[in-house]
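User: I'm new to this structure and would like a close look at one part of it. Could you walk me through the sheet and the helices that pack on it?

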Amino acid sequence: MKIAFASDFHFGFGDDALAQAAEALRQACSEADLVVLAGDLFDSRVPKQEVVYDAVRLLSEAKAVLEAKATVSGLKLRLLRDGTETRQTVPIVAIYGTHERRTKGLVNIIQVLDSAGLVLNCHAGVVAADLNGERVAIQGMGGVPEEYAKQVLDAIEFKPLPESFDVFVFHQTLRELIPAVAEGIAAADLPKGFDLYVDGHIHWARELNEGGKRILLPGSTVVTQMKKSEASPKGFYVCDSLSKEVVFKEIRVRPFVYAEVEFKDAWPEEVIAACRLKLEEIALKQAGRKPLVKLKLKGSLAQRLSTSAVDLTALEKEFGERMLLTLDRDFEGADLKERIEALRKKRGETTGARGAGAALLRERLKERQSPWAEDEQLFALLAEKESEAALKHLLAREI
Ligand SMILES: [Mn+2]
């Protein structure tokens with residue numbers, strides 16, 4: 001049996017996300033009997049209806065292709081979930097990722113797609129696929145906050161099925177890959193005995209072997225963070241469950257170029273000239289789609305000039321027609337105050353006023369020694385603007 005593993009489509013993250021997911025999914029359907037999606041199909045917890053519309057159309061198309069194939073090949077599917085076993089026909093298996101995860105009591109978009117018959121949600125469940133006497137079993141766990149991952153893994157007690165090619169699909173950071181996330185799980189924490197482990201979440205494709213566990217990271221199909229690590233090929237994996245062979249299939253994507261220029265005690269005009277030279281060089285190499293380009297400016301400026309002394313607006317305008325350009329000033333020694341300000345601004349943008357509001361509310365509740373101060377679900381519901389659900393939650397619990 002051929003199984004395709006893809007991940008992190010991030011529907012809703014601009015036009016590239018849809019176009020590149022479509023390319024990956026169409027190619028995966030033409031090459032595999034079964035498609036497994038390892039989370040973050042969508043970029044947000046509550047995607048816009050326009051985004052859902054596009055995704056539904058794409059998945060319906062993929063489902064039709066795979067179902068037609070299954071009719072010819074005789075592929076049989078069963079889903080074991082919540083203590084019941086059901087016969088299924090949809091050869092697309094999915095879990096939710098960190099971007100789609102919602103708090104207890106709320107419905108996530110993968111559950112919506114599952115109930116619409118477009119995917120089989122295998123979070124805490126098993127999809128068993130039989131093809132001509134050969135069996136593949138896919139089990140999974142959706143993306144949870146890193147600090148709870150081990151706990152959830154242990155609670156569900158995943159076990160491989162007898163006499164099958166067993167795949168465990170999840171959506172977490174692995175300490176072996178990103179040691180900085182100290183609370184994350186390590187390969188040793190993963191359930192034992194599976195033939196293959198497939199992890200979403202990490203956006204670059206890679207195959208690794210940790211302590212005898214074979215782990216595949218399909219990576220994302222779109223660049224969502226302009227980091228050096230995202231400048232690697234995008235695509236999906238196809239695994240042959242009989243030969244156990246795995247092949248990476250690259251897809252066509254908008255080119256992403258990450259480059260750095262380094263300076264020492266440079267004057268602003270020197271910085272601009274060097275950047276222009278580098279950008280010309282990048283632009284010349286590109287043919288076809290407008291590339292995404294990130295140019296990082298490193299090193300130091302003359303006489304400890306502030307980074308604002310380097311005016312890059314003309315450069316941005318000059319190359320705007322030829323590329324989607326981001327210039328990142330990362331000069332050392334420049335105004336520390338300025339950098340701290342920038343960092344603060346960035347933090348404020350991501351956590352937002354909502355986070356500050358929640359912190360204030362919690363503080364007030366603590367002052368009054370209210371037991372609600374510790375109620376994580378209440379805060380999660382408020383953060384998702386689910387005021388009605390929050391009210392219900394308040395009324396349901398007697399304190
Ligand atoms: Mn992701």
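Analyst: Here's a tour of the sheet, followed by the helices lying against it. Keep in mind that this is a predicted model.

Let's start with the strands. The sheet is open and has six of them, in the order β6-β5-β2-β1-β13-β14, with mixed pairing. At the edges sit β6 (120-121) and β14 (246-250), each of which pairs on one side only. If you zoom in on the β14 end, you'll find β13 (residues 235-240) running antiparallel to β14, with five bridges joining the two. There, Y237 stands opposite F248 in β14.

Now for the helices. Helix α1, residues 14-31, lies across four strands: β1 (2-6), β2 (34-37), β13 and β14. Its direction is at about 165° to β1. Helix α2 (residues 49-73) packs on the sheet too, where it touches β2 and β5 (92-94). Relative to β5, the direction of α2 makes an angle of about 130°. So β2 is touched by α2 and also has α1 lying across it.

How do the two helices sit against each other? Their axes come within 10 Å and cross at roughly 10°. An angle under 35 degrees counts as roughly parallel, so α1 and α2 are roughly parallel to each other. On the α1 side, the contact is made by L18, A21, A22, L25 and C29; α2 brings D54, L58, A62, V65 and L66. Sorted by class, that contact has nine nonpolar residues, one charged and no polar ones.

Notes
Residues are numbered from 1 along each chain as its sequence is written. This is a predicted model: local features need pLDDT of at least 70, side-chain atom pairs count only at pLDDT 80 or more; totals for chains, interfaces and linings use all residues. Two strands pair if DSSP finds at least two bridges between them. Two residues are in contact if their C-beta atoms, placed from the backbone, lie within 7 Å. Axes are lines fitted to C-alpha atoms, for helices over the stretch in contact, and angles run from 0 to 180 degrees between N-to-C directions. Angles under 35 degrees count as roughly parallel, over 145 as roughly antiparallel, 65 to 115 as roughly perpendicular and the rest as oblique. Ala, Val, Leu, Ile, Met, Phe, Trp, Tyr, Cys and Pro count as nonpolar, Asp, Glu, Lys and Arg as charged, and the others, Gly among them, as polar.
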